[in-house]
Amino acid sequence: MDTSKLIVSMSPHVRGSLTIDRMMRTILIALAPTAVVGIYLFGLMALVTVLLSMATAVGVEAVIEKLTGRDLSFRDLHALVTGLLVALILPPAVPWWLTMTGAGVAVILGKMVFGGLGTYPFNPPLVAWVVLKLSWPEHMSAFLAPKTGEAVLTPLMAFQEDPALFYSYDLWDLFLGNKAGAIGTTCGLAIVIGGLFLLWRGIIRWHIPVSFLLGVGLFALILRMINPDLYPPVSFHLAGGGVLLGALVLAPEPVTSPVTPTGMLAFGLLAGALTMILRMWGADYDGTFYAILVMNAATPLFNYLKPRAYGRLKRA
Amino acid sequence: MAATLREEFTKGFWRTIPPFRLVLGLCPTLAVTTSGINGLGMGLATTFVLVFSNLFVSLLRRFIPTQVRIASFIVIIASFVVIVELVMQAYFYPLFKILGIFIPLIVVNCIILGRAEAFASKNGPVLSLADGLGIGLGFTLSLFVLGLIRELLGAGTLLEIPVMWASFAPFAFMLKPPGAFVALGILLAFMNLISQIQARKG
């Protein structure tokens, strides 16, 4: 038999039309409403933060690739997405050097030291967020009321001070963004629109967002049933931008989340539950980002939860 | 003889510099290097123990039965650690307070036991002394440099003298445990880079 025409190669054997830059462009479009609303609510300083963060991320990545003699990869737009996400989880009035440090840390420590796109174990914007939080807690918790710009607490911070305060928040205010928060976590509606767009375009699958929200919701429901005076209603947790951004954009990040359906469901459920544990009993006022990072570390374990291969018997 | 003596002494500074090349003794390296002074103090305390434990292990190497050698080494090392601990308590109390539990923990520093097992128990006292001094000073140098870097970025000072511009907001992350790992990793990367360049030249 003539075998010279046989090509032996590694998978994947069939490639779809979804390239990295197309994927990243879709994510940028999905995040656009969130960014626009954030800039509308917090004005010029939010715009500066967003642009500075994106420019720094792209620049730092290009410099590193130049230094290490790799191909420049700014065309795949991933650095742009990383920079945008870093800005979206920052409070609106951070100083410029904090924004630049954040974007630099996300690209260097979050992404490039592990080998770049596709190989990093932790969500790069969240790595940057934790580093900034540990370094400059005073800047990272200085939140402003939208439009008026006066210094106020976010609902979760206020809640940590006094559990009774959650009654003073209107659910629609929380969801539409009439409250203090980070640039991108203030308006839940914009995030939901972006998330639905991502789902529709097939960039993310439903498993992690649904199970994440379910994890948060069930946990909140159980607490609410135990003591309604001490624990806020389920909607208070689900309407906030932090949980929505986490569930729809940050947790389903394709590199750092599991690939099997069962694994994704377990990942989301546990991340949601951990979010609630950190919110209710943690030292910090919100635990969404920490929960996602912890679950990122466990992603290889979740990938063991895979469906039984066809024809293979159940283990006795 | 003179060549090997110098060889054994200088290998600790670059070729087998403990925390970077051997990646041993990481616990104190990461835990106490929050400032240059702390790193220097820890390094010198370890060097003292290393030099004398090497000397005595080497002198006693013919009397120590092979079966119980590890336990015997630990007894020798622990004696010198107690000396360091008492001396520091008497004369360097503030530093002793900062370094805390990591002084008694010098007993279980793998560098010291490693040198006793791999070098001092097989070589004469003079060579062992040179080996202990070289490795110890290399360790001190590593801790000092790591401490300086973390102090500079994390507190904006060098040896407690402010050196950064007035509006510098300290990068406190570098003083925290994850910052220690990051600083160590970056230093390691730089050393590997220099080695690669050297190898390419040579």
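pLDDT is the predictor's confidence in each residue, on a scale from 0 to 100, and it is a useful colouring to begin with, as this is a predicted model. With that colouring on, select chain A, whose mean pLDDT is 87 and in which 98% of the residues reach 70 or more. Then select chain B, where the mean pLDDT is 87 and 99% of the residues reach 70 or more. For the model overall, the scores are ipTM 0.78 and pTM 0.85.

**Chain A as a whole**

Hide chain B for the moment and show chain A as a cartoon: there are 14 helices and zero strands, so that the order of elements from the N terminus reads α-α-α-α-α-α-α-α-α-α-α-α-α-α. The radius of gyration of chain A is 21 Å, and because this is close to the 20 Å that the globule rule gives for 316 residues, chain A is as compact as a globular protein of that length. If you align the view to the principal axes, the C-alpha atoms of chain A fill a box of roughly 80 × 55 × 30 Å. Buried residues make up 46% of the 316 residues in this chain, and, among its contacts with a separation of 6 or more, 73% are between residues 24 or more positions apart.

Keeping the confidence colouring, compare two helices of chain A: α7 (residues 155-161) has the lowest mean pLDDT among the elements of the chain, at 78, whereas α3(A) has the highest, at 93.

**Helix α1 of chain A**

Next select residues 20-42 of chain A, which form helix α1. At 1.5 Å a residue, its 23 residues should span 33 Å, and the end C-alpha atoms are 31 Å apart, which agrees. Centre on A:Leu31, where α1(A) bends by about 35°, and look for the proline A:Pro33, which follows within four residues.

Now show side chains along the helix. An α-helix has 3.6 residues a turn, so residues three or four places apart point the same way. The buried residues of α1(A) include A:Met24, A:Ile27, A:Ala30, A:Leu31 and A:Thr34, and further along A:Gly38, A:Leu41 and A:Phe42. Against which elements do the buried residues of α1(A) pack? Their partners are α2 (44-67), α3 (78-88) and α9 of chain A. Just after the helix, select A:Gly43, which takes a positive phi of about 75°.

**A:Ile183 in a loop of chain A**

Move on to A:Ile183, which is found in the loop between α8 (171-176) and α9 (188-200) of chain A. Is this residue buried or exposed? A:Ile183 is buried, because 29 other C-beta atoms lie within 10 Å, where 20 or more are enough for a residue to count as buried. Leaving aside residues up to four places away in sequence, A:Ile183 touches a set that includes A:Gly38 and A:Phe42, two residues already seen among the buried ones of α1(A). Also touched by A:Ile183 are A:Ala46, A:Thr49 and A:Val50, together with A:Ala87, A:Leu88, A:Leu90 and A:Pro92. For a distance across the chain, pick A:Ile183 and A:Gly16, which are 167 residues apart along the chain and whose C-alpha atoms are separated by 35 Å.

**Chain B as a whole**

Bring chain B back and hide chain A. The secondary structure of chain B comes to nine helices and two strands, in the pattern α-α-α-α-α-α-α-α-β-β-α along the sequence. The radius of gyration of chain B is 18 Å, close to the 17 Å that the globule rule gives for 202 residues, so chain B is as compact as a globular protein of that length. Its C-alpha trace spans about 60 × 50 × 25 Å along the principal axes. Of the 202 residues of chain B, 39% count as buried, and residues 24 or more positions apart account for 76% of the contacts with a separation of 6 or more.

**Two helices of chain B**

Select residues 125-155 of chain B, helix α8, whose 31 residues reach 43 Å from the first C-alpha to the last, close to the 45 Å expected at 1.5 Å a residue. Since 22 of these 31 residues are buried, α8(B) is largely enclosed by the rest of the structure. The helix is followed by B:Gly156, whose phi is positive, near 75°.

Then go to B:Arg6, placed in helix α1 (residues 2-10) of chain B. B:Arg6 counts as exposed, because it has 12 C-beta neighbours inside 10 Å. From B:Arg6 to B:Ala155, 149 residues apart in sequence, the C-alpha to C-alpha distance is 38 Å.

**Where the chains meet**

Finally, show both chains and select the contact, which takes six residues from chain B and five residues from chain A. On the side of chain B that touches chain A, the residues divide into five nonpolar, no polar and one charged.

How values were computed. Residues are numbered from 1 along each chain as its sequence is written. Chains are lettered from A and ligands numbered from 1 in the order in which they are written. The radius of gyration is taken over C-alpha atoms; the globule rule is 2.2 Å times the number of residues to the power 0.38. Two residues are in contact if their C-beta atoms, placed from the backbone, lie within 7 Å. Ala, Val, Leu, Ile, Met, Phe, Trp, Tyr, Cys and Pro count as nonpolar, Asp, Glu, Lys and Arg as charged, and the others, Gly among them, as polar. The expected span of a helix is 1.5 Å times one less than its number of residues. The bend at a residue is the angle between axes fitted to the seven residues ending there and the seven starting there.
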